[in-house]
Amino acid sequence: MSSRMAGAALLRHLGPRLFAAEPAVSGLAVRGVMPAAARILPARMASTAAEAAREDAGAKHNGSTGGGGGGGAEKPEEAAGGQSKKAIVSYWGIDSPKLVKADGTEWKWSCFRPWDTYTSDTSIDVKKHHEPTTLPDKAAYLMVKSLRVPMDLFFQRRHASHALLLETVAAVPGMVGGMLLHLRSLRRFEHSGGWIRALLEEAENERMHLMTFLEVTQPRWWERALVLAAQGVFFNAYFVGYLLSPKFAHRVVGYLEEEAVHSYTEYLKDLEAGVIDNTPAPAIAIDYWRLPADAKLKDVVTVVRADEAHHRDVNHFASDIHYQGMKLKDTPAPLSYH
C-alpha cells in the first residue's frame, strides 16, 4: 500500500474524532469544520458551538416560515454587508450584562462600571505639605524636586501633555506596592489591613486620569517614546526601592503627589485666565466623577487635583506608619474613594 493510500485510510478512520461538523463561524449559516481544540478547551468551544447551533436552528426556522418567492425572509439582524449584528459571545462564552445609568441611558464604558464611580472631595487641603525632618525624608524631597526642573523646561505650559506623562508614572507605585503587599500576604499567611485594595485603587484611579486626558489631547510619537522610557526606568527603580524600604518609597510618592497637586494648580490658573480654552468635560470624566452634564474642563482638573491630594495624604501616612515601627497590616488603610 502506498503512503498516499495509507494516509487516506488513516484520515477516514480518525476524521470523525478530530473534527466536528458544527459551524465554526458565529452568525453565519455555513457548514465547516471545528478544530480539535474543542477537546482542549471544551467549555469555550461548547459555548460557541451551542451559540452557533441556536443561530443555525433560527435560520432554518426563518427559512421555513418566511413568505415570498425569495426563498425565505431575511434575518432582521443581518447587516448590509451580510454579517450578523448580533453580539459575539465573549471568550468565556458569557454575554456581558447590559448596564444603564440613572437616567436610563445605556452605560457605554467597559473600563469601569457604575459602582466604580464617585464624587470627589474637592474640599481637601491642596496646600498641605509634609516638612522633611529626617535624612531619608530630605533625600526623597530633593530627589523629587530635582525631577521638577527638567519637566517644567520640557513641557512649559503644555499642561495636558504634562498630565499624560505624569499619570503614566503616577499609576505605577500603587500597582507595585499593592502587588508586593499581596505577595507578602500570601507568603506570610497574614492580613493586609486593607492596604492592598487601597494601593490598587490608587493605581486604577491614576489610570482613569490618563484615560480622561487622552480625550483632551493625544500624545505625539516622541511623547509616547518618552513614556516608554520613563515607565521602564521608574517601574524597576520603584520595585527595588519598595523591596529595600517601603517607608522611603511611600515618602517619595507622597512628594510626587505634592508636585502633581502643584502642576494641576498651575493648569487651573491658565484655565481661569483664559490662556487655555475651558472646553466641555469629556463624557468619560462626567460619568466617572459623577459631574454635571454641563461640566467643563476646569471641573475635571479640579477633581483630578483633589484625587492627587488624597494620594499625597495616603502615601505620607503609609510612610509615617513605617517610621513609627508599625506595619501596614497592623493599621487600617484610609477610606477609599467610594
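Me: Let's start with one residue. Does Glu266 count as buried or exposed?

Reply: This is a predicted model, and everything I tell you is computed from it. You look at the relative accessible area, and buried means under 20%. Glu266 comes out at 15% relative accessibility, so it counts as buried.

Me: What does the side chain of Glu266 meet in a salt bridge?

Reply: For a salt bridge, you look for a side-chain nitrogen of Lys or Arg within 4 Å of a carboxyl oxygen of Asp or Glu. Here the partner of Glu266 is Lys269, with 3.4 Å from N to O. Lys269 counts as partly exposed, because its relative accessibility is 46%.

Me: How many residues apart are Glu266 and Lys269 in helix H7?

Reply: First the general idea: an α-helix has 3.6 residues a turn, so residues three or four places apart point the same way. Now our case: Glu266 and Lys269 are 3 residues apart in H7, so about one helical turn separates them.

Me: How far apart are the end C-alpha atoms of H7, and what span should its residues give?

Reply: You count 1.5 Å a residue and compare. H7 covers residues 246-273, which is 28 residues, so it should span 40 Å. Its end C-alpha atoms are 41 Å apart, which agrees. Right after H7 comes Gly274, and its phi is positive, near 85°.

Me: What else does H7 do? With which residue does Glu259 form a salt bridge?

Reply: With Arg148, and the closest N and O atoms of that pair are 3.3 Å apart. This one links distant parts of the chain: Glu259 sits in H7, while Arg148 sits in helix H3 (residues 135-155), 111 residues apart. Both Glu259 and Arg148 are buried.

Me: Which residue does the side chain of Arg158 meet in a salt bridge?

Reply: Glu223, at 3.2 Å from N to O. Again, distant parts of the chain are linked: Arg158 lies in the loop between H3 and H4, and Glu223 lies in helix H6 (residues 221-244), 65 residues away. Glu223 has 6% relative accessibility, so it counts as buried. Arg158 has a relative accessible area of 28%, which means it is partly exposed.

Me: How many salt bridges does a search of the whole structure find?

Reply: It finds 13. They don't have to come as separate pairs, either: Lys128, Arg312 and Asp313 are linked in a network.

Me: Now the overall fold. How many helices and strands are in the chain?

Reply: You read the elements off along the sequence. The chain has 9 helices and 0 strands, giving the pattern α-α-α-α-α-α-α-α-α. As for burial, 36% of the chain's 338 residues count as buried.

Me: At what angle do helix H4 and helix H5 pack?

Reply: About 160°, with the axes of the two helices 8 Å apart. An angle over 145 degrees counts as roughly antiparallel, so H4 is roughly antiparallel to H5. Their crossing is left-handed. Sort the residues in the contact by class and you get 13 nonpolar, 7 polar and 4 charged.

Me: How many residues of H5 are buried?

Reply: H5 is mostly covered, with 14 of its 19 residues buried. You can try the length check on H5 too: at 1.5 Å a residue it should span 27 Å, and its end C-alpha atoms are 27 Å apart, so the two agree.

Me: And the bit in between? What is the phi of Phe189?

Reply: In general, most residues other than glycine have a negative phi. Phe189 has a positive value, near 55°. You'll find Phe189 in the loop between H4 and H5. Its relative accessible area is 77%, so Phe189 is exposed.

Me: Where is Arg290 found?

Reply: In the loop between H8 and helix H9 (297-323). Arg290 is not a glycine, yet its phi is positive, about 55°. With a relative accessible area of 48%, Arg290 counts as partly exposed.

Me: Last one. By how much are the C-alpha atoms of Pro280 and Asp299 separated?

Reply: Here you set distance in space beside distance along the chain. Pro280 and Asp299 are 19 residues apart along the chain, and their C-alpha atoms are separated by 9.3 Å. Pro280 lies in the loop between H7 and helix H8 (283-288). Its relative accessible area is 58%, so Pro280 is exposed.

Conventions
Residues are numbered from 1 along each chain as its sequence is written. This is a predicted model: local features need pLDDT of at least 70, side-chain atom pairs count only at pLDDT 80 or more; totals for chains, interfaces and linings use all residues. Side-chain values use heavy atoms; hydrogens and water are left out. Axes are lines fitted to C-alpha atoms, for helices over the stretch in contact, and angles run from 0 to 180 degrees between N-to-C directions. Helices (H or I, at least four residues) and strands (E, at least two) are DSSP runs, numbered from the N terminus. Angles under 35 degrees count as roughly parallel, over 145 as roughly antiparallel, 65 to 115 as roughly perpendicular and the rest as oblique. A crossing is left-handed if the near helix is turned anticlockwise from the far one by less than a right angle, and right-handed if clockwise. Ala, Val, Leu, Ile, Met, Phe, Trp, Tyr, Cys and Pro count as nonpolar, Asp, Glu, Lys and Arg as charged, and the others, Gly among them, as polar. The expected span of a helix is 1.5 Å times one less than its number of residues. Buried means under 20% relative accessible area, exposed over 50%, partly exposed in between (1.4 Å probe, protein chains only).
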